[in-house]
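Here are a few short exercises to work through with the model open beside you. Try each task before reading its solution.

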Amino acid sequence: MMVCRLTNWARRMPLSLLLMAVLAIAGCQEESEPQKLPNIIVILADDMGYGDISYYNEESKIPTPNLSRLAEEGAVFTDAHSPSAVCTPTRYGLLTGRYAWRTRLKKGVLVGDSPALIESERATLASRLKELGYVTAAIGKWHLGLGLDDPVDYSEPLVPGPNSVGFDYFFGIPASLDMEPYLYVENENAVQLPTEQIAASAHRRKSGGGFWREGSVAPDFRHIDVLPELTDKAVEFIQQRSEQDSAEPFFLYWALTAPHTPWLPIDEFRDRSEAGYYGDFCAQVDWSVGRLLEAVEQLPDRDNTLVLFTSDNGSHWPTDDIERFGHRANGFFRGQKADIWEGGHRVPFIVRWPSQVSPGSKSSQLVCLTDIFATVNEILGTSLTANEAEDSYSFLHALLGQPSKHPVRDSVVHHSFDGMFAIRRGPWKLILGRGSGGFTEPKRLEPGSGEPVGQLYNLDDDPGETENLYSEKPELVEELTALLDQYREQGHSRPL
Ligand SMILES: [Ca+2]
């Protein structure tokens, strides 16, 4: 078999060259079985924190055996960041490789009846993979707007939507699970129109159970069924790919709706954790991931399947929840979802790819979810043009454990719920403002006379962001401010 003959020299070649060579040889030798490009699965949890997964936090009060096993079998990144501290802009960044604050969305998130955010001409991870012959699917929470109408008319075809930006198939919900309208969408149509009304859930987040806003709902829609339903759909997709034994590789973007509110663990998971409904729901997320991984095990090319797990922002877990449960959902980082502090955007990031990535790998390289686009491009051997993935750097060499003189990226821009900016370079993090910029009080702090107008932390010495060095390092503040201004004004942060 050609594949067997390749194995010895394969280790010495850059992956993109290897794939090109394999394809070229396959074209010349019709009797040989061509090497497939890898299947790619991106699992995006919604609001799962760095400290929820026991692999990242030995003191986690939540059992996460499947995620911990995935981490042990792959590479774990410890300095990975969502490009925003909230949902919509992170999703935009992941799929386009570009910071969402460059779009019309300058802060906050879209709602359930917002029109499409991704520009029609823009390349996405899905469109790039589709061009190269991948079968592409998005299953789960979209939250990137649907159609052109504002508000969306769900009785009409929802164009543009996921199918317009490169996905052959979509099944999921329009926005967050606590955000109306409550319905499923399949490809470009509502599965069932939201013709009924539902009152706001009586349960606020702390009293357990679910929280959702009042609004319109499809008659058969039940919030508690959504995570199991989306799990079934994703497993079904993998099983179909397995059975078809098709020559085409696939890309699955599986955007979970959990553990975002409403926290609705099914009965089997009640009291599974020591962190209340939230922890039980995280345990159910872990189980859902485990079900998907079981399906992956059955794939004929299981070893050439890249599974990436991450989260779209930190956990919504304020200090009183930490005190109540003794559980640090965001690890030892400051703040929570929506904040500019690390708790808002430092996320778990795990990549398993058995044929290429050594089990037990660890990387402390600075990476961002926008980097998935450039990394996949390098795997495919394709290049980026100047008007795509403007904020994306490949982390392939870090993933493969190859020594490199270059870090994945020198710096990254952070962005909070209310539009506060920060820039990180090396250990230094400059925040342009005082307060959290998100959910933690004080959200915005007006500096008194003579007080610093921003925040500067050295994360090597002070990962908890406790000692503001802004006033002590004026030259560094000036330099980092200029770099951030440059990235904002020139429309890209990677060299073009
Ligand atoms: Ca989220």
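**Exercise 1. Find how many residues of domain 2 and of domain 3 are in contact, and describe the side of domain 2 that touches domain 3.**

Solution. Bear in mind that this is a predicted model.

- Step 1: count the contacts. On the domain 2 side 28 residues take part, and they are in contact with 20 residues of domain 3.
- Step 2: look for the elements involved. Helix 9 (342-345) and strand 12 each supply at least two residues of the side of domain 2 that touches domain 3. Helix 9 gives the most, with 3 residues.
- Step 3: sort that side of domain 2 by class. It has 14 nonpolar, 7 polar and 7 charged residues.
- Step 4: place the domains. The chain is divided into domain 1 (1-35), domain 2 (39-409) and domain 3 (412-490). Taken over C-alpha atoms, the centres of domain 2 and domain 3 are separated by 27 Å.

**Exercise 2. Trace the order of the strands in the open sheet, and name its edge strands.**

Solution.

- Step 1: write down the order. The open sheet is formed by 10 strands, running 6-5-4-3-9-1-10-11-2-12, with mixed pairing.
- Step 2: pick out the edges. Strand 6 (189-190) and strand 12 (361-368) are the edge strands, since each pairs on one side only.
- Step 3: zoom in on one pair. Strand 3 (residues 135-141) and strand 4 (residues 169-173) run parallel and are joined by 5 bridges. For Ala137, the bridge partner in strand 4 is Tyr169.
- Step 4: add a helix. Helix 7 packs on the sheet, where it touches strand 1 (39-46), strand 9 (250-259) and strand 10 (305-311). The direction of helix 7 makes about 165° with that of strand 9.

**Exercise 3. Decide whether helix 7 is mostly covered or mostly open, and check its length.**

Solution.

- Step 1: of the 22 residues in helix 7, 18 are buried, so by the cut-off of 20 or more other C-beta atoms within 10 Å the helix is mostly covered.
- Step 2: helix 7 (residues 276-297) reaches 32 Å from its first C-alpha to its last, close to the 32 Å expected at 1.5 Å a residue.

**Exercise 4. Work out why Asp168 counts as partly exposed.**

Solution.

- Step 1: locate the residue. Asp168 lies in the loop between strand 3 and strand 4.
- Step 2: count its neighbours. Asp168 has 16 other C-beta atoms within 10 Å. Buried needs 20 or more and exposed needs 12 or fewer, so Asp168 is partly exposed.
- Step 3: list its contacts. Leaving out residues up to four places away in sequence, Asp168 touches Lys130, Val135, Thr136 and Ala137.

Note on methods
Residues are numbered from 1 along each chain as its sequence is written. This is a predicted model: local features need pLDDT of at least 70, side-chain atom pairs count only at pLDDT 80 or more; totals for chains, interfaces and linings use all residues. Helices (H or I, at least four residues) and strands (E, at least two) are DSSP runs, numbered from the N terminus. The expected span of a helix is 1.5 Å times one less than its number of residues. Two strands pair if DSSP finds at least two bridges between them. Two residues are in contact if their C-beta atoms, placed from the backbone, lie within 7 Å. Axes are lines fitted to C-alpha atoms, for helices over the stretch in contact, and angles run from 0 to 180 degrees between N-to-C directions. Domain bounds come from an automatic or database domain assignment. Ala, Val, Leu, Ile, Met, Phe, Trp, Tyr, Cys and Pro count as nonpolar, Asp, Glu, Lys and Arg as charged, and the others, Gly among them, as polar.
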